[in-house]
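Subject: Structure handover and notes

Hello,

Here is the structure you asked for, with the sequence alongside. My notes on the helix packing and a few single residues follow below.

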Amino acid sequence: MAELILPQQLKSLFQLQFRLLQRAWSQPSALQKWGVVVGLLVTGGLASVLGWVIGSLVVILGLYAREGPFQAQLVGYLFLVLLGLFGLIWLFSPLLFALQNDNLHLDLNKLLIYPLSFQSLYALHTLTGLIEPWSLFFYPLLIGLICGGVLVVGSSALAPLMILALLFGLVHIVWSRLLVNSLNSFLAHRRLRESAMLFLLLGIVVLAFLPALLGQQIENNPDWQSWLKSPAVWAQLTLPLNLLLAFSPPGMASLTLSGVLQGQYSQVYQAEVGLFLWLVLGNYFGKTLLRYMYTASPGLAEQAKTAPRWWTSDPLFFLPYDLALIVKKELRSLSRSVIGKLCFFLTPFLLVILRVFAFGPVAHAIPPTAVFLSAITYIFMTSLFLFCNLFGLDGQGFKLYLYGSLPAARLLLGKQLAMALFCSAEFLLVLYLYLVIFNPLHWETLLFVVLAFATVLVGVLGLGTLISIRFPTPLDLNQTRYRQSATPVLLAFQMLSLLLALPALAQVLAHFGQQPRSLIMAFFLGCVCLSHKLLFQFCTELFQAQKLVILEKITQPAQGQ
């Protein structure tokens with residue numbers, strides 16, 4: 001494998017990059033092109049205004065820093081915050097484009113299969129970062145830094161500030177490329193990719209509760225304004241700020257800029273050497289990671305995607321083989337999908353979030369029955385579309401059920417049992433979290449909520465199976481850009497509302513009839529089980545008549561794909 005930059009290969013790669021941009025420009029309509037042009041003009045105007053504002057701030061703060069050592073230190077901290085903010089935006093902007101698959105550069109994963117020089121590939125990967133939108137947007141900022149410093153100090157500041165701008169830009173381009181490659185390498189592992197998406201969604205939920213947390217902290221600390229004005233608080237920030245100034249790229253850029261404005265050129269040279277070391281370090285890590293991607297065997301990637309065996313024995317050994325196979329297939333499909341993981345973990349996660357952020361000190365005063373009935377409601381509302389579309393995940397695999405000798409009753413029972421296990425595991429997790437973070441649960445309350453969950457579960461299984469047979473639609477749990485018909489959704493919510501009213505009705509009857517509510521709930525459960533048995537027989541006969549229609553519907557492309 002050649003280790004030199006081959007000019008012909010590099011020229012061909014840049015020609016491919018140019019053709020990619022040409023194709024991206026030729027595909028939109030004329031109206032979309034005008035929209036892109038207007039967007040570029042507006043963005044260019046904003047970038048120019050940003051450069052002018054930064055240049056003005058450099059002039060103002062540079063003159064203010066000359067008044068004394070305290071003012072100079074304060075200006076250094078302000079430059080650190082300012083450059084750190086814009087540096088983080090510059091650094092992480094490519095990640096957003098990579099997650100949306102909106103990158104306008106060549107896909108390295110597709111180029112790695114060709115006999116290209118590694119150095120040519122790395123040179124292309126790095127140099128294209130100089131002309132990408134997120135880099136072009138920050139160039140006026142660097143120009144503003146140079147112009148502002150020259151206006152304050154004079155032409156003697158031009159050379160060190162140009163070196164600062166060059167190093168600061170290259171550091172962020174190289175490290176942003178390293179982050180993008182790390183993200184691509186990380187997302188190549190299916191389980192890591194799904195876990196990352198799950199944590200991202202849960203992180204969005206946490207951010208949604210941050211205002212409540214801040215409000216609670218302010219309520220618990222009424223003298224927060226005096227605490228914020230305390231000199232001791234700001235003294236505690238001095239050490240981390242000085243560490244950032246000494247060792248981080250924005251800090252080194254701030255020291256360089258402050259040194260130029262104050263004429264301390266020894267500080268300027270030391271800081272620029274530090275920036276150069278960050279550039280060398282990023283270049284080394286970037287080359288190492290890209291070389292690993294370049295030389296890694298495809299078999300290793302496939303092995304990384306293979307799930308480990310969590311047990312050697314069959315956990316469903318007590319079920320008939322064909323029934324256990326259906327249950328495991330359904331549970332595997334749910335556990336491997338992003339939406340399936342979200343449906344499973346969302347209710348337990350919200351229980352923890354509400355306990356920590358929203359309920360706070362009054363959490364122990366909330367009746368446990370109210371907490372559990374709310375959790376049951378949320379469990380079935382988040383997974384209701386799964387109950388009402390039992391066959392959507394099968395796709396072309398549904399033909400195997402038709403070609404085989406599997407009885408219809410066994411198929412429906414396997415799918416219902418899989419959904420029952422899925423939701424029961426989620427309910428047990430909620431129960432465990434409640435016992436850990438809330439009060440201990442009385443046995444009568446525990447019996448009542450278990451009976452209530454079982455009643456709603458049995459009812460949803462029967463009615464959901466009926467809706468699945470009457471209104472089959474394709475389903476992909478790894479994307480949500482299509483819409484299902486409104487009819488099954490409305491029917492599902494109506495039947496869920498009726499089932500969720502049974503626990504409340506049991507409590508009302510127990511209050512006025514002076515009878516144990518668990519006994520009334522057990523009676524409702526018996527009625528629902530009897531209804532489910534009759535409905536299951538009807539669904540089996542209906543499935544025999546509708547199975548070809550189901551196959552036709554679920555093998556059609558999903559709407560919006």
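A word on angles before the notes: helix axes here are lines fitted to C-alpha atoms over the stretch in contact, and the angle between two N-to-C directions runs from 0 to 180 degrees. With that in hand, the axes of H21 and H24 come within 9 Å and cross at roughly 120°. Please keep in mind throughout that this is a predicted model.

Overall content

The protein has 24 helices and zero strands. Of its 561 residues, 42% are buried. Among contacts between residues at least 6 apart in sequence, 83% join residues at least 24 apart.

Helix H21 and its partners

Three of the helix pairs I looked at involve H21, which covers residues 408–437.

I will finish the pair with H24 (517–554) before moving on. An angle from 65 to 115 degrees would count as roughly perpendicular and one over 145 as roughly antiparallel; H21 and H24 are therefore oblique to each other. H21 passes H24 in a right-handed crossing. On the H21 side the residues that meet H24 are Ala408, Ala409, Leu411, Leu412, Leu413 and Gln416. Their counterparts in H24 are His532, Phe536, Cys539, Thr540, Phe543 and Gln544. By class, this contact has eight nonpolar, four polar and no charged residues.

The second partner is H16, residues 321–336. Its axis and that of H21 come within 8 Å and cross at roughly 45°, and the two helices are therefore oblique to each other. H16 passes H21 in a right-handed crossing. H16 contributes Asp322, Leu323, Ile326, Val327, Lys329, Glu330, Leu331 and Leu334 to the contact. From H21 come Arg410, Leu411, Leu413, Gly414, Lys415, Leu417, Ala418, Met419, Leu421 and Phe422. The residues of this contact divide into 12 nonpolar, one polar and five charged. Leu411 and Leu413 of H21 are listed in the contact with H16 and also in the contact with H24.

The third partner is H18, residues 368–382. The axes of H18 and H21 come within 11 Å and cross at roughly 150°. Angles over 145 degrees count as roughly antiparallel, and H18 and H21 are therefore roughly antiparallel to each other. H18 passes H21 in a right-handed crossing. The contact is made by Pro368, Val371, Phe372, Ala375, Ile376 and Ile379 of H18, together with Cys423, Glu426, Phe427, Val430, Leu431 and Tyr434 of H21. Its residues divide into 11 nonpolar, no polar and one charged.

A little more on H18 itself. Its buried residues are Thr369, Val371, Phe372, Leu373, Ala375, Ile376, Ile379, Phe380 and Thr382. At 1.5 Å a residue, the 15 residues of H18 should span 21 Å, and the end C-alpha atoms are 21 Å apart, which agrees.

Single residues

Arginine 66 lies in the loop between helix H2 (30–65) and helix H3 (69–99). Its C-alpha atom is separated by 6.9 Å from that of glutamine 262, 196 residues away along the chain. Leaving aside neighbours within four places in sequence, arginine 66 is in contact with Val152, Val153 and Leu261.

Is valine 81 buried or exposed? Valine 81 is in helix H3 and has a relative accessible area of 54%. The cut-off for exposed is over 50%, so valine 81 counts as exposed. The C-alpha atoms of valine 81 and serine 254, 173 residues apart along the chain, are separated by 9.1 Å.

Alanine 271 is in helix H14, residues 265–295. With a relative accessible area of 5%, alanine 271 is buried. Not counting residues up to four places away in sequence, alanine 271 touches Met252, Leu255 and Thr256. The C-alpha atoms of alanine 271 and serine 248 are 23 residues apart along the chain and separated by 10.0 Å.

Glutamine 514 is in the loop between helix H23 (486–513) and helix H24. Its phi is near 55°, a positive value in a residue other than glycine. Glutamine 514 counts as exposed, at 66% relative accessibility.

Regards

How values were computed. Residues numbered from 1 in each chain as written. Predicted model: local features only at pLDDT ≥ 70, side-chain atom pairs only at ≥ 80, totals over all residues. Heavy atoms only, no water. Helix = DSSP H or I, 4+ residues; strand = E, 2+ residues; numbered from the N terminus. Parallel < 35°, antiparallel > 145°, perpendicular 65-115°, else oblique. Left-handed = near helix turned anticlockwise from the far one by under 90°. Contact = heavy atoms within 4.5 Å. Nonpolar A, V, L, I, M, F, W, Y, C, P; charged D, E, K, R; others polar. Expected span 1.5 Å × (residues − 1). Buried < 20%, exposed > 50% of the residue type's maximum accessible area, 1.4 Å probe, protein only.
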